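Thank you for making the time this morning. I would like to walk you through one structure, so please have the sequence and the model open while I talk.

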Amino acid sequence: MVTTGLEGQRMSVMLVEDNPEDVFFTKRVLKQSGIEQITVVGDGQAALVTLEEMAADGRLPNLVLLDINLPVMGGIALLKRLKKNPRLSGIPVVMLTGSNVDCDIQTSYDLGASSYLVKPISKEALQLVLASVFP
């Protein structure tokens, strides 16, 4: 179970996802993994605003799980903005998406994504990624 990371801090995750079923599944796996601080945002623009507010308060998440196909601002555009922002660029971002298009995968890694999981994902696959981010 992952409940704390370095120096005992509570682990927190932002899930940027607009599909209610995917939100339900992912939250369940995160909670089963001991992560209780979960922020869910349904579009890329709202995620960017929320992350900027969190940065101003000094309470950034330890991980962002990011879908590519989102309303308002897509996941690739959000990833690009996050990695260009000095206050947000250090947050690991895992793409958690239905897109298995090679250019989306390559672009995500080129922009700094830590990992790329294609939905539907298994509980075990998500837990492996969590274990790599939260040693």
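**The cores, a helix and a network**

Let me begin in the interior, where the largest nonpolar core has 23 residues, and where Met-14, Val-16, Leu-51, Val-64, Leu-66, Leu-78 and Met-95 touch the most other members. By a nonpolar core I mean a set of buried Ala, Val, Leu, Ile, Met, Phe, Trp, Tyr and Cys residues joined through side-chain atoms within 4.5 Å, and buried means under 20% relative accessible area, exposed over 50%, and partly exposed in between, with a 1.4 Å probe and protein chains only. Two or more residues of this core come from each of β1, α2, β3, α3 and β4, and α2 gives the most, with 5 residues.

Before going further, I should say that this is a predicted model, in which local features need pLDDT of at least 70 and side-chain atom pairs count only at pLDDT 80 or more, while totals for chains, interfaces and linings use all residues. Residues are numbered from 1 along each chain as its sequence is written, and side-chain values use heavy atoms, with hydrogens and water left out. The helices (H or I, at least four residues) and strands (E, at least two) are DSSP runs, numbered from the N terminus.

To take one core member, Leu-66 touches Val-16, Gly-75, Leu-78, Leu-79, Val-93, Val-94, Met-95 and Leu-96, leaving aside residues up to four places away in sequence, where contact means heavy atoms within 4.5 Å. Apart from the core just described lies another one, of 19 residues, among them Leu-30, Ile-38, Leu-130 and Phe-134.

Now to helix α2, in which the buried residues are Gly-44, Ala-47, Leu-48, Leu-51, Met-54 and Ala-55. Seen down the axis of α2, these buried residues fall within an arc of 130°, so they line one face of the helix; the arc is that of the directions from the helix axis to the C-beta atoms. They pack against β1 (12-16), β2 (37-41), β3 (63-66) and α3 (75-84), whereas the face turned away from the buried side carries the exposed residues Ala-56 and Asp-57. Just after α2, Gly-58 takes a positive phi of about 70°.

In the neighbouring part of our story, α3, the buried residues are Gly-75, Ile-76, Leu-78, Leu-79 and Leu-82. They cover an arc of only 160° around the axis, which puts them on the same side of α3.

Finally, the charged residues: which residues does Lys-119 join into one network? Side chains of opposite charge can pair when their charged atoms come close, and a salt bridge here is a side-chain nitrogen of Lys or Arg within 4 Å of a carboxyl oxygen of Asp or Glu. Glu-17 forms a salt bridge with Lys-119, with the closest N and O atoms 2.7 Å apart. Glu-17 lies in the loop between β1 and α1 (20-32) and Lys-119 in the loop between β5 (115-118) and α5 (123-133), so the pair ties together parts that are 102 residues apart in sequence. Asp-22 also forms a salt bridge with Lys-119, at 2.9 Å between the closest N and O atoms, and at 23% relative accessibility Asp-22 counts as partly exposed. Lys-119 and Asp-67 meet in a salt bridge as well, at 3.6 Å from N to O, and Asp-67 is buried, with a relative accessible area of 4%. Salt bridges that share partners thus join Glu-17, Asp-22, Asp-67 and Lys-119 into one network.
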